[in-house]
Amino acid sequence: MMITNVRGEFKKFAGEVVLDPQNPGASGVQATVEIGSIHTREEQRDAHLRGPDFFDAEKYPTMTFQSKRVARTGDGYDVVGDLTIRDQTREVVLKVEDVTGETADPWGNTRIGASAKTKIRRSEFGITWNALLELGGAMVGDEVTINIEVSLVKQK
């Protein structure tokens, strides 16, 4: 909202990361998110977000990301790829930071963690619904910040 930030998450998603720290150009990311799994801690808002005014989860049940190139940037990576929401595809850059070293978990898996961030304009993906506020201005901002926190498990 233009008044305050509303935070939410998607509870159902899947993806695959190929990471070659020695040759980032050989790395890649693919992810799919189930739109119906949106959760903002307010069921009425979640239902509205799943509906045709926003994501239209019935017609467009997933959003996807497919990387096109990966480049090292200091301690992190820039992952350039196509983000598709509501059948609208736009190129975005995920700024990946806080990449941890490989660590063994209690179940014998090797893991690394990372954070990624990008900003999009929802209108570029066909999400234009809004309402005017009584004192002027719009209820919902156009700019959306996407934050991603991942724990990656190395395939055996």
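In this predicted model, S27 is buried, with a relative accessible area of 11%. That value falls under the 20% limit that marks a residue as buried. S27 sits in the loop between β2 (13-18) and β3. Its surroundings are easy to trace: leaving out residues up to four places away in sequence, S27 touches V18, L19, D20 and V70. With one of these residues there is also a polar pairing, as a polar atom of the S27 side chain lies 2.8 Å from the backbone nitrogen of D20.

A useful contrast is offered by L132, which belongs to the loop between β9 and β10 (143-153). L132 is exposed, with a relative accessible area of 77%, because exposed residues are those over 50%. V18, one of the residues touched by S27, is 114 residues from L132 along the chain, and the C-alpha atoms of L132 and V18 are separated by 45 Å.

Attention can now turn to the interior. In soluble globular proteins, nonpolar side chains tend to be buried together. Here the largest nonpolar core has 24 residues, and F55, M63, F65, V79, L83 and I85 are those with the most contacts inside it. Two or more residues of this core come from each of β3 (28-34), β5 (62-73), β6 (76-85), β7 (88-97) and β9 (110-121). The most is given by β6, with four residues.

For a closer view of the core, I85 makes a good example. Setting aside neighbours within four places in sequence, I85 is in contact with F55, M63, I120, F125 and I127. Among these partners, F55 and M63 also appear with I85 in the group with the most contacts inside the core.

Key
Residues numbered from 1 in each chain as written. Predicted model: local features only at pLDDT ≥ 70, side-chain atom pairs only at ≥ 80, totals over all residues. Heavy atoms only, no water. Core = buried A, V, L, I, M, F, W, Y, C linked by side-chain atoms within 4.5 Å. Buried < 20%, exposed > 50% of the residue type's maximum accessible area, 1.4 Å probe, protein only. Contact = heavy atoms within 4.5 Å. Polar contact = N/O pair within 3.5 Å; in protein donor to acceptor, adjacent residues only side chain to side chain.
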